[in-house]
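Here are my notes on the model you sent over. I went through it point by point, starting with the helix packing.

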Amino acid sequence: MNYIVSLDITSPADIDAQFDINRQMIHRHLKNLIEAGKIKKIGSAPRVFDAVINDNIATLDYQIEAKVRETVADNFFFIDPTGMELSGIDGFEKWCNKRSFNISQKANEFRKVIEKYQKRPLHNS
């Protein structure tokens, strides 16, 4: 857990490279930490990461309309300073939290920007 906390987000492959533990044991420990509410999974196979759940940040205390959530899920992509690629709502949540932004407000602003650019005609040369 200390290793994951030091990175904020990691993958089973990173843990494998750092420690002499077999893959099964890594996944067992990660599963236990998820069940204990200490970390959460982000992404989907084959790009799955484990992130620390920070009690000081209320990541679950926000409401996003279904259409706004869908827009974020389909259009948001974030690369953090460590080079970790996060997309969709997980990446958006992390991006907002790192900047102390209101997630609901920023999601609505993001949707407006996306809608504005989707309505613009493409210029043919």
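At what angle do H4 and H6 pack, and how far apart are their axes?

1. **H4 against H6.** Keep in mind that this is a predicted model. H4 and H6 pack at an angle of about 70 degrees, and their axes are 9 Å apart. Angles of 65 to 115 degrees count as roughly perpendicular, so that is the label for H4 and H6. Their crossing is left-handed. On the H4 side the contact uses Lys67, Val68, Thr71, Val72 and Asn75, and on the H6 side Ala107, Asn108, Phe110, Arg111, Ile114 and Gln118. Sorted by class, the residues of this contact are 5 nonpolar, 4 polar and 2 charged.

2. **H4 against H5.** For this pair the angle is about 95 degrees, with 7 Å between the axes. That makes H4 roughly perpendicular to H5. Arg69, Val72 and Ala73 of H4 meet Gly88, Ile89 and Phe92 of H5. The class count for the contact is 4 nonpolar, 1 polar and 1 charged. Val72 is worth a click in your viewer: it appears in the contact of H4 with H5 and also in the contact of H4 with H6.

3. **H5 against H6.** Here the packing angle is about 120 degrees and the axes are 10 Å apart. That makes H5 oblique to H6, because the roughly perpendicular range is 65 to 115 degrees. The crossing of H5 and H6 is right-handed. Phe92, Glu93, Cys96 and Asn97 in H5 meet Ile103, Lys106, Ala107 and Phe110 in H6. By class, the residues in this contact divide into 5 nonpolar, 1 polar and 2 charged. Phe92 of H5 shows up here as well as in the contact with H4. On H6, Ala107 and Phe110 touch H5 and also belong to the contact with H4.

4. **How covered is H5?** Mostly covered: 8 of its 11 residues are buried. The buried ones are Gly88, Ile89, Gly91, Phe92, Glu93, Lys94, Cys96 and Asn97. Note that Glu93 and Lys94, both charged by class, are on that list. Glu93 is also one of the H5 residues that meet H6.

5. **After H5.** Which residue following H5 has a positive phi? It is Ser100, with phi near 55 degrees, a positive value in a residue other than glycine. Most residues other than glycine have a negative phi. Ser100 is in the loop between helix H5 (88-98) and helix H6 (103-119). With a relative accessibility of 69%, Ser100 counts as exposed, because the cut-off for exposed is over 50%.

6. **Ile64, a loop residue.** Is Ile64 buried or exposed? Ile64 sits in the loop between strand E3 (47-52) and helix H4 (66-75). Its relative accessible area is 12%, so Ile64 is buried, the cut-off being under 20%. Leaving out residues up to four places away in sequence, Ile64 touches Arg69, Ile89, Ile103, Ser104 and Ala107. For Ile64 and Ile103, the C-alpha to C-alpha distance is 8.3 Å, with their positions 39 residues apart in sequence. Two of these partners also turn up in the contact of H4 with H5, namely Arg69 and Ile89.

7. **Thr82, another loop residue.** Thr82 is in the loop between strand E4 (77-79) and strand E5 (85-87). At 59% relative accessibility, Thr82 counts as exposed. Its C-alpha atom is separated by 9.9 Å from that of Thr10, although the two residues are 72 apart along the chain.

8. **The chain as a whole.** The protein chain has 6 helices and 5 strands. From the N terminus on, the order is α-β-α-α-β-β-α-β-β-α-α. Of its 125 residues, 31% are buried. Among contacts with a separation of 6 or more, 46% come from residues 24 or more positions apart.

9. **Confidence.** The average pLDDT of the protein chain is 81, and 86% of the residues score at least 70. Over residues 56-61 the pLDDT is below 50, and this stretch has 3 contacts in the model beyond near neighbours in sequence.

Key. Residues are numbered from 1 along each chain as its sequence is written. This is a predicted model: local features need pLDDT of at least 70, side-chain atom pairs count only at pLDDT 80 or more; totals for chains, interfaces and linings use all residues. Side-chain values use heavy atoms; hydrogens and water are left out. Helices (H or I, at least four residues) and strands (E, at least two) are DSSP runs, numbered from the N terminus. Buried means under 20% relative accessible area, exposed over 50%, partly exposed in between (1.4 Å probe, protein chains only). Contact means heavy atoms within 4.5 Å. Axes are lines fitted to C-alpha atoms, for helices over the stretch in contact, and angles run from 0 to 180 degrees between N-to-C directions. Angles under 35 degrees count as roughly parallel, over 145 as roughly antiparallel, 65 to 115 as roughly perpendicular and the rest as oblique. A crossing is left-handed if the near helix is turned anticlockwise from the far one by less than a right angle, and right-handed if clockwise. pLDDT is the predictor's confidence in each residue, from 0 to 100.
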